[in-house]
Amino acid sequence: MKKTRIGVLVSGRGSNLQAIIDNIEKGSVSAELAVVISDQADAYALERARKHHIPGVHVSAKGYKGRRDEYDALLVKELQKHNVELVALAGFMRIITPTLLTAFPHRVLNIHPALLPSFPGLHVQKAALEHGVKFSGCTVHFVDEGMDTGPIIIQAVVPILDNDTEDKLSARILKQEHKIYSRAIQLYADGRLRIEGRRVVVTDNRTETDEFLMNP
Ligand code: GRF
């Protein structure tokens, strides 16, 4: 069967990228990484890509201030050049525009370190701690034109402990990010995701449960 070709957009350390690479190499995700693109020349994620013989491309945003559409057109060109079917944002620190979304309709995913729709935006682990919620977690969703608003595919929940710091909580969440991003990609690759309005339905899903979590 033809493997889904993925393009990953990054800006920094790329631990989510690494988890996807590892899961593909282990055979637990059946997809192919076609290209990794960074807006930052020195992103460690690019090195990770190259170490695994995946093309790592820097697309500079210099000179594109206030011209996000034009920058996204460069991304689209690069993604198409590598025959990408699915785009995965993994710590990509730019807001993307309809230029990218119309080129890849319902084919752009993002991972966010909170339980959306709570705490969209940046520094969300700190925001969750300060708000005093008892659980946080992470979300993989389809990207739409809003900020972290697209249809949710999968979420993982972690407790927030009384002695938590932003770093401790971030690490606990990141561990789950590394699992659910690959899982979402596998569901996509298997053709099991169907978008119905705001809801993403996983076809052939047999999970039924009345369990709940309570903290403390
Ligand atoms: C992750 O926390 C992700 O949820 C957020 O940016 C961070 C990227 O981390 N969107 P990494 O570069 O994958 O390590």
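The ligand sits in the largest pocket of this predicted model. A pocket here is an open set of points on a 1 Å grid over the protein atoms alone, with protein on both sides within 12 Å along at least five of seven lines; a molecule counts as sitting in one if more than half of its atoms lie within 2 Å of its grid points. Since the model is predicted, local features need pLDDT of at least 70 and side-chain atom pairs count only at pLDDT 80 or more, while totals for chains, interfaces and linings use all residues. Residues are numbered from 1 along each chain as its sequence is written, and side-chain values use heavy atoms, with hydrogens and water left out.

Two elements give two or more residues to the shell around the ligand, namely α1 (15–26) and β5 (108–112). Helices (H or I, at least four residues) and strands (E, at least two) are DSSP runs, numbered from the N terminus. Going through the shell residue by residue, one meets R13, G14, S15, N16, G91, I111, H112, P113 and E177, taking a residue as near if one of its heavy atoms lies within 4 Å. Sorted by class, that makes two nonpolar, five polar and two charged residues; Ala, Val, Leu, Ile, Met, Phe, Trp, Tyr, Cys and Pro count as nonpolar, Asp, Glu, Lys and Arg as charged, and the others, Gly among them, as polar. Domain 1 (1–105) and domain 2 (112–209 + 212–216) both supply shell residues, so the ligand lies between them. The domain bounds come from an automatic or database domain assignment.

As for polar partners, a side-chain atom of S15 lies 2.6 Å from a ligand oxygen. The backbone pitches in too: a N or O atom of G14 is 2.8 Å from an oxygen atom of the ligand, and a polar backbone atom of N16 is 2.9 Å from one. Taken alone, the ligand exposes 370 Å², and the protein buries 85% of that (Shrake-Rupley areas, 1.4 Å probe).

The backbone has a few quirks as well. L116 and P117 are joined by a cis peptide bond with omega about 10 degrees, and P117 falls in the loop between β5 and α5 (124–131). Another cis bond runs from N215 to P216, with omega near 5 degrees; P216 belongs to the segment after β9 (199–202). Finally, H106 is not a glycine, yet has a positive phi of about 55 degrees, and its place is the loop between α4 (98–103) and β5.

Notes: A polar contact is a pair of N or O atoms within 3.5 Å; within protein, one must be able to donate a hydrogen and the other to accept it, and residues adjacent in sequence count only if both atoms are side-chain atoms. On a 1 Å grid over the protein atoms alone, a cavity is a set of points where a 1.4 Å probe fits but cannot get out, and a pocket is an open set with protein on both sides within 12 Å along at least five of seven lines; lining residues have an atom within 4 Å of a point.
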